[in-house]
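Hi,

Here is the structure I said I would pass on. Have a look at it first, and then read my notes below.

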Amino acid sequence: MPANKTPKLASDPDAPASPPLRRVATGRASQREAQPDRRTNILLAAEKLFALRGFHAVSIRDIAAEAGVPLALVGYYYGAKHELYHAIFQSWSSAIEGRLEALRAAVAEPDVGLRLARILDSFASPLIALHQHPEGQYYAQMAARDLAAPTPEAERANLEFFDPLANAFIDALMTTAPGVSRGQVAWCYQFMLGALLHFLADKRVERLSRGENRAADPNAKATLLAFLSHGFQAVTGAPSGAPRVARASPGKQPAGSPKTSKTSKKPTKSTKSTKSN
């Protein structure tokens with residue numbers, strides 16, 4: 001990025017996607033070098049294969065071949081396969097911390113309705129922006145796969161990385177819904193997470209919409225956020241600060257939405273014409 005330009009926030013719908021923040025495990029800063037080393041190649045190759053096939057369907061030999069490195073080098077850098085799997089999630093720890101930082105700023109919002117909108121934005125926007133990069137797509141796909149079919153390897157990552165993040169979001173959401181139990185808010189968080197991961201990882205919407213929609217389309221973020229906000233509000237009674245989503249095309253009403261009756265009054269007949277003597 002040129003030095004004279006400042007990056008836009010992830011919540012800005014017009015902001016171009018910036019490089020993903022990761023590779024902490026390899027000692028990198030926020031961006032990969034132009035020619036990544038073999039250790040980074042192994043991590044990227046493993047992430048791609050685990051995302052596409054799942055943990056048990058990938059061998060160390062597969063990872064070495066994908067990374068273009070000798071077989072022994074995988075174990076030299078990362079040890080056993082489950083340790084490499086864990087290292088992938090560890091390499092995204094800076095991205096998780098970035099989400100927590102945005103969440104802390106959202107909770108500081110004094111207006112409760114706006115606070116909910118900002119919490120949900122900090123929940124969804126970073127992952128949607130991340131998904132615009134191939135690495136981010138594989139990361140989201142791994143998370144979605146592990147949520148649908150958990151493995152012991154995934155459970156370790158959940159306990160270390162994702163449960164603290166989830167608890168932080170549940171705590172934040174509870175500030176917008178006084179009197180609602182943590183159990184109820186935890187259900188809402190799980191429903192939100194399912195919707196977000198489905199948005200990122202599933203391409204079926206392209207068929208169901210008959211080509212009108214594109215999977216993980218950043219332009220559909222407002223629709224997702226409105227869905228999350230109004231759903232949470234309906235369950236908990238929390239005030240919603242989310243704006244209504246504009247219709248996709250003029251003259252067409254989104255499927256399933258209530259029809260709005262236009263109040264165009266027909267001209268009434270004059271009293272002269274209605275009088276009958």
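Let me start with one residue and work outwards. Val235 sits in helix 11. Is Val235 buried or exposed? Neither quite fits: with a relative accessible area of 43%, Val235 is partly exposed, because that value falls between the 20% cut-off for buried and the 50% cut-off for exposed. If you set aside the neighbours within four places in sequence, Val235 is in contact with Gln184 and Cys188. Val185 is worth finding too: Val235 and Val185 are 50 residues apart along the chain, and their C-alpha atoms are separated by 8.8 Å.

Before going further, please keep in mind that this is a predicted model. The chain has a mean pLDDT of 80, and 73% of its residues reach 70 or more. Where is confidence highest and where is it lowest? Helix 2 (residues 60–67) is at the top with a mean of 97, while helix 12 (residues 271–274) is at the bottom with 42. Two stretches call for some care when you look at them. Over residues 1–21, pLDDT stays under 50, and the model has 26 contacts beyond four places in sequence for them. Over residues 247–277, pLDDT also stays under 50, and there the model has eight such contacts.

Now the overall picture. The chain has 12 helices and zero strands, so reading the elements from the N terminus on gives α-α-α-α-α-α-α-α-α-α-α-α. Of its 277 residues, 37% count as buried. Among contacts between residues at least 6 apart in sequence, 63% join residues at least 24 apart.

Back to helix 11 (residues 221–236), this time with its partner helix 6 (residues 112–130). The two pack at an angle of about 140 degrees, and their axes are 10 Å apart. Helix 6 and helix 11 are therefore oblique to each other, because angles have to be over 145 degrees to count as roughly antiparallel. Their crossing is right-handed. On the helix 6 side, the contact is made by Leu116, Leu120, Asp121, Phe123, Ala124, Ser125 and Ile128; helix 11 brings Lys221, Leu224, Leu225, Leu228, Ser229 and Phe232. By type, the residues of this contact split into nine nonpolar, two polar and two charged.

A second pair to look at is helix 1 (residues 38–53) with helix 7 (residues 134–148). They pack at about 45 degrees, with their axes 8 Å apart, and that makes helix 1 oblique to helix 7. The crossing of helix 1 and helix 7 is left-handed. Which residues meet there? From helix 1 they are Leu44, Glu47, Lys48, Phe50, Ala51, Leu52 and Arg53, and from helix 7 they are Glu135, Tyr138, Tyr139, Gln141, Met142 and Arg145. In this contact, seven residues are nonpolar, one is polar and five are charged.

One last residue: Pro152, which lies in helix 8 (residues 152–174). Pro152 counts as exposed, at 64% relative accessibility. Pro152 and His82 are 70 residues apart along the chain, and the distance between their C-alpha atoms is 9.3 Å.

That's what I have for now. Happy to go through any of it with you.

Cheers

Methods: Residues numbered from 1 in each chain as written. Predicted model: local features only at pLDDT ≥ 70, side-chain atom pairs only at ≥ 80, totals over all residues. Heavy atoms only, no water. pLDDT = per-residue confidence, 0-100. Helix = DSSP H or I, 4+ residues; strand = E, 2+ residues; numbered from the N terminus. Contact = heavy atoms within 4.5 Å. Axes fitted to C-alpha atoms, helices over the stretch in contact; angles between N-to-C directions. Parallel < 35°, antiparallel > 145°, perpendicular 65-115°, else oblique. Left-handed = near helix turned anticlockwise from the far one by under 90°. Nonpolar A, V, L, I, M, F, W, Y, C, P; charged D, E, K, R; others polar. Buried < 20%, exposed > 50% of the residue type's maximum accessible area, 1.4 Å probe, protein only.
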